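The exercises below are meant to be worked through with the sequence and the 3D view side by side. Each one sets a task and is followed by a solution in steps.

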Amino acid sequence: DLVDPTAQSEAEIAFEGALRPRSLAEFVGQRKVRGQLQLLLDAAAIQDRTPDHILLAGPPGLGKTTLAMIVAQETGRPLRMTSGPAIQHAGDLAAVLSALVPGEVLFVDEIHRMARTAEEMLYLAMEDFRIDIMVGKGAGATSIPLDLSPFTLVGATTRSGLLPNPLRDRFGFTAHLEFYETEELIEVLRRAAALLGVPIGEEALLEIASRSRGTPRIANRLLRRVRDFALVDGGGASVEAVRAALDLYDVDELGLDRLDRAVMTVLLKRFDGGPVGLNTLAVSVGEEADTIESVVEPFLVRIGLISRTPRGRVATRAGWAHFGLSRGQDALF
Ligand code: ADP
């Protein structure tokens with residue numbers, strides 16, 4: 001799906017790799033987070049120690065992986081990458097941790113999806129750079145302490161609310177990444193267009209940026225589609241080309257795609273604007289609740305089309321207006 005920042009093809013992973021900023025200075029936007037990170041890295045450098053553990057929280061595609069790579073790059077340390085779903089047992093984590101070299105940066109994407117038993121092992125590892133390895137079973141089981149090399153854990157999560165407190169508390173610094181402003185996305189796009197060698201005007205950049213859901217990954221992805229369109233069309237990356245390309249891919253002027261529109265349509269027409277529970281919405285559009293909660297909902301809330309209430313999700317006045325509908329009109333639909 002064009003605007004689902006979680007779905008990535010092999011080609012896109014390679015494409016993204018080429019566009020990834022390699023230093024904090026190149027990283028666009030998130031000024032506060034950049035400043036805080038810089039301070040944390042500088043302090044560690046002065047004391048010649050590993051930087052504190054860092055938690056990066058926010059919707060997919062906002063730059064969490066990129067920041068983890070930058071932390072390693074800026075401190076001249078090696079980087080090892082893994083993810084929560086790859087750590088299904090404490091043993092999986094023990095294998096990763098015991099192989100770390102001194103000072104290594106360990107990036108764990110989707111850290112909220114790690115196995116519970118591994119989480120407990122991680123507490124001790126983060127705090128004391130050691131783990132206890134269980135050997136044997138039942139009454140004969142013993143634990144053998146194992147010292148680890150000092151490391152910096154960089155955890156990323158789209159759902160910081162799902163992290164147990166003891167884990168959250170062990171990060172020295174938590175950065176909450178925010179959706180990007182249109183101006184910032186224009187900068188991301190300008191940089192990407194230059195790297196890709198795509199000549200494109202300011203007006204066309206603005207048109208792409210305003211349809212990118214505040215998300216650099218989506219901005220870059222739309223740019224790629226526009227580049228393809230311009231290539232085939234032969235007319236260059238004009239505003240008209242942007243509009244035609246994005247219409248072709250069902251991305252509307254607010255950046256809503258088919259799934260966003262399906263959610264809004266169900267909410268407005270079937271539930272007369274709500275309130276309705278997230279799971280009900282997910283089932284109604286045939287999508288996983290997690291995708292609705294971490295990808296669709298944050299954006300619809302941010303642009304003010306829906307709001308969260310204790311009784312469920314409701315459409316706002318702007319939500320009704322964007323779809324040209326009003327309450328009660330389709331209640332029997
Ligand atoms: P996440 O890990 O949060 O899902 P990524 O770090 O993989 O997101 O970022 C997705 C892509 O978006 C990257 O490949 C990069 O090209 C681009 N990107 C993300 N943040 C920025 C930024 N601040 N400046 C420039 N490009 C960015």
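**Exercise 1. Give the order of the five strands in the open sheet, and find which strands stand at its edges.**

Solution. The five strands of this open sheet follow the order S2-S3-S6-S1-S7, and their pairing is parallel. Strands here are DSSP runs of E with at least two residues, helices are runs of H or I with at least four, both are numbered from the N terminus, and two strands count as paired if DSSP finds at least two bridges between them. Strand S2 (79-83) and strand S7 (173-176) each have a single partner strand, so one side of each is left without a neighbour in the sheet, and these two stand at the edges. Neighbouring strands of the sheet are turned against each other by 15° on average, direction ignored. As a general background, strands of a sheet pair through backbone hydrogen bonds, either parallel or antiparallel.

This is a predicted model, in which local features need pLDDT of at least 70 and side-chain atom pairs count only at pLDDT 80 or more, while totals for chains, interfaces and linings use all residues. Residues are numbered from 1 along each chain as its sequence is written.

**Exercise 2. Describe how strand S1 pairs with S7, and state which strands helix H3 touches.**

Solution. Strand S1 (residues 54-57) pairs with S7 in the parallel sense over four bridges, and in one of them alanine 57 has histidine 176 of S7 as its partner. Helix H3 (residues 64-75) packs on the sheet, where it touches S1, S2, strand S3 (105-109) and strand S6 (152-157); contact here means that the C-beta atoms of two residues, placed from the backbone, lie within 7 Å. The direction of H3 makes about 170° with that of S6, where axes are lines fitted to C-alpha atoms, for helices over the stretch in contact, and angles run from 0 to 180 degrees between N-to-C directions.

**Exercise 3. Compare the expected span of helix H7 with the distance between its end C-alpha atoms, and decide which of its residues are buried.**

Solution. The expected span of a helix is 1.5 Å times one less than its number of residues. Helix H7 (residues 182-196) has 15 residues and should therefore span 21 Å, which agrees with the 20 Å that separate its end C-alpha atoms.

The next step is burial: a residue is buried if 20 or more other C-beta atoms, placed from the backbone, lie within 10 Å of its own, exposed if 12 or fewer do, and partly exposed in between. The buried residues of H7 are Leu185, Ile186, Val188, Leu189, Ala192 and Ala193. They cover an arc of only 160° around the axis, which puts them on the same side of H7; the arc is that of the directions from the helix axis to the C-beta atoms. On the other side of H7, Glu183, Ala194 and Leu195 are exposed. The cover over the buried residues of H7 includes helix H1 (10-19), helix H8 (202-209) and helix H9 (216-233). Just after H7, glycine 197 takes a positive phi of about 70°.

**Exercise 4. Is strand S5 largely in the open or buried, and how many bridges join S4 to S5?**

Solution. Strand S5 (residues 142-147) has six residues, and the number buried is zero, so S5 lies largely in the open. Strand S4 (residues 130-135) and S5 run antiparallel and are joined by six bridges; in one of them, aspartate 132 is partnered by proline 145 of S5. The hairpin of S4 and S5 has six residues between the strands, and its glycine 136 takes a positive phi near 80°.

**Exercise 5. Locate methionine 114 and list what it touches.**

Solution. Methionine 114 lies in the loop between S3 and helix H5 (116-128). With 25 other C-beta atoms within 10 Å, methionine 114 is buried. Residues up to four places away in sequence not being counted, methionine 114 touches Gly84, Ile87 and Glu119. The C-alpha atoms of methionine 114 and alanine 86 are separated by 7.5 Å, although these residues are 28 apart along the chain.

**Exercise 6. Find the backbone feature at proline 275 and the one at phenylalanine 129.**

Solution. Proline 275, in the loop between helix H11 (258-270) and helix H12 (278-285), follows glycine 274 through a cis peptide bond with omega near 5°. Phenylalanine 129, in the loop between H5 and S4, has a positive phi near 50° without being a glycine.
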